[in-house]
Amino acid sequence: MENINSYPMPRIGDKAPAFEAITTQGNISFPSDFKGKWIIFFSHPADFTPVCTTEFMAFGSMAEDFEALNCQLVGLSVDGLFSHIAWLRTIKEKIDYKGMKNVEVRFPLIEDIKMDIAHRYGMIQPGDNETKAVRAVFFIDPQGIIRTIMYYPASLGRNFDEIKRVLIGLQTGDNFGVALPADWRPGEEVIVPPAGSCGVAQERVSDTSGQLKCYDWFFCTKELSKEEVEASLGK
Ligand code: BEZ
């Protein structure tokens, strides 16, 4: 095996490192098995722990939302396959939490006992824990490129509404060639690409078409309706 210290941390814009894995849904070749889809690849510290259980119930309950966005969820922890299977069965059969019950996790959960995949993706952060993954989230586009990375500590459950918002924001940015402002939600104004010349900067601030709203020459927005955004999602 390669020295784990020889793995660079994956970065935004990098090709997602490829690997073969055993999962709760059979063996997979990642990311090639999910070609043409967005992928949210995430790690959790351990099976049969409370924060992770709440996260899997939240993600499992939202699975249809992510499917509708052409997005495959893939989980990972350094536990083994039988632990994963037993934990997912317990979640479905026994846990009734915040109105969520009978939650069946149908997306693949990778076993990574050797921590090889977790190391490749920078999910093991030894200053925190040498033998458990942190809560990492990688957003990978249909071309296999990493587009967003989030890291949370073991003690803080992720916000799955934010994870969905990020996916919608990435898809909308690509579909319309725009950027999205702080706290953006579909239906709110979007940011047009910055002026690339003095002439365009002047055109922007003197625009009379009524389509642009310029706060200054470098900061212009336009309307993008919720309906237009929704019609474009998942494509
Ligand atoms: C949890 O999921 O509850 C958890 C996992 C590892 C460390 C601390 C909390």
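Visitor: Why is Cys52 called buried?
Guide: A residue counts as buried under 20% relative accessible area, as exposed over 50%, and as partly exposed in between, with a 1.4 Å probe and protein chains only as cover. Cys52 has 1% relative accessibility, and therefore it is buried. This is a predicted model, in which local features need pLDDT of at least 70 and side-chain atom pairs count only at pLDDT 80 or more, while totals for chains, interfaces and linings use all residues. Residues are numbered from 1 along each chain as its sequence is written, and side-chain values use heavy atoms, leaving out hydrogens and water.

Visitor: Why is Cys198 called exposed?
Guide: Its relative accessibility is 71%, so Cys198 falls in the exposed class.

Visitor: How do you know that Cys214 and Cys220 are joined by a disulfide?
Guide: Two cysteine sulfur atoms count as a disulfide if they lie within 2.5 Å. The sulfurs of Cys214 and Cys220 are 2.0 Å apart, and the pair is joined. In general, such a link is a covalent bond between the sulfur atoms of two cysteines. The structure holds 1 disulfide.

Visitor: What is the hand of the link of Cys214 and Cys220, and what are the classes of these residues by accessibility?
Guide: The link is right-handed, with 105° about the S-S bond. Cys214, at 27% relative accessibility, is therefore partly exposed, whereas Cys220, at 2%, is buried. Cys52, by contrast, is in no disulfide, since the nearest cysteine sulfur, in Cys71, is 20 Å away.

Visitor: Why does Cys198 have no bond to Cys220?
Guide: The sulfur of Cys220 is the closest cysteine sulfur to that of Cys198, but the separation is 14 Å, which is too far for a bond.

Visitor: What makes the peptide bond from Phe30 to Pro31 worthy of remark?
Guide: That bond is cis, with omega near -5°. Most peptide bonds are trans, and most residues other than glycine have a negative phi. Pro31 stands in the loop between β2 and β3 (38–43). These labels follow DSSP runs, numbered from the N terminus: helices are H or I runs of at least four residues, and strands are E runs of at least two.

Visitor: Which residues other than glycine have a positive phi?
Guide: Phe48 is one of them, with phi near 55°, and Asn102 is another, at about 55°. Phe48 belongs to the loop between β3 and α1 (50–61); its relative accessible area is 48%, so it is partly exposed. Asn102 is found in the loop between α3 (81–94) and β5 (109–111).

Visitor: Why is Glu55 called buried, and which residues is it in contact with?
Guide: The relative accessible area of Glu55 is 2%, and therefore this residue of helix α1 is buried. Contact means heavy atoms within 4.5 Å. Neighbours within four places in sequence aside, the partners of Glu55 are His44, Arg135, Leu156, Gly157, Arg158 and Phe160.

Visitor: What does Ser29 touch, and how far is Phe19 from it?
Guide: Ser29, in strand β2 (residues 26–30), touches Phe19 and Glu20, not counting residues up to four places away in sequence. Ser29 and Phe19 are 10 residues apart in sequence, and their C-alpha atoms are 6.0 Å apart in space.
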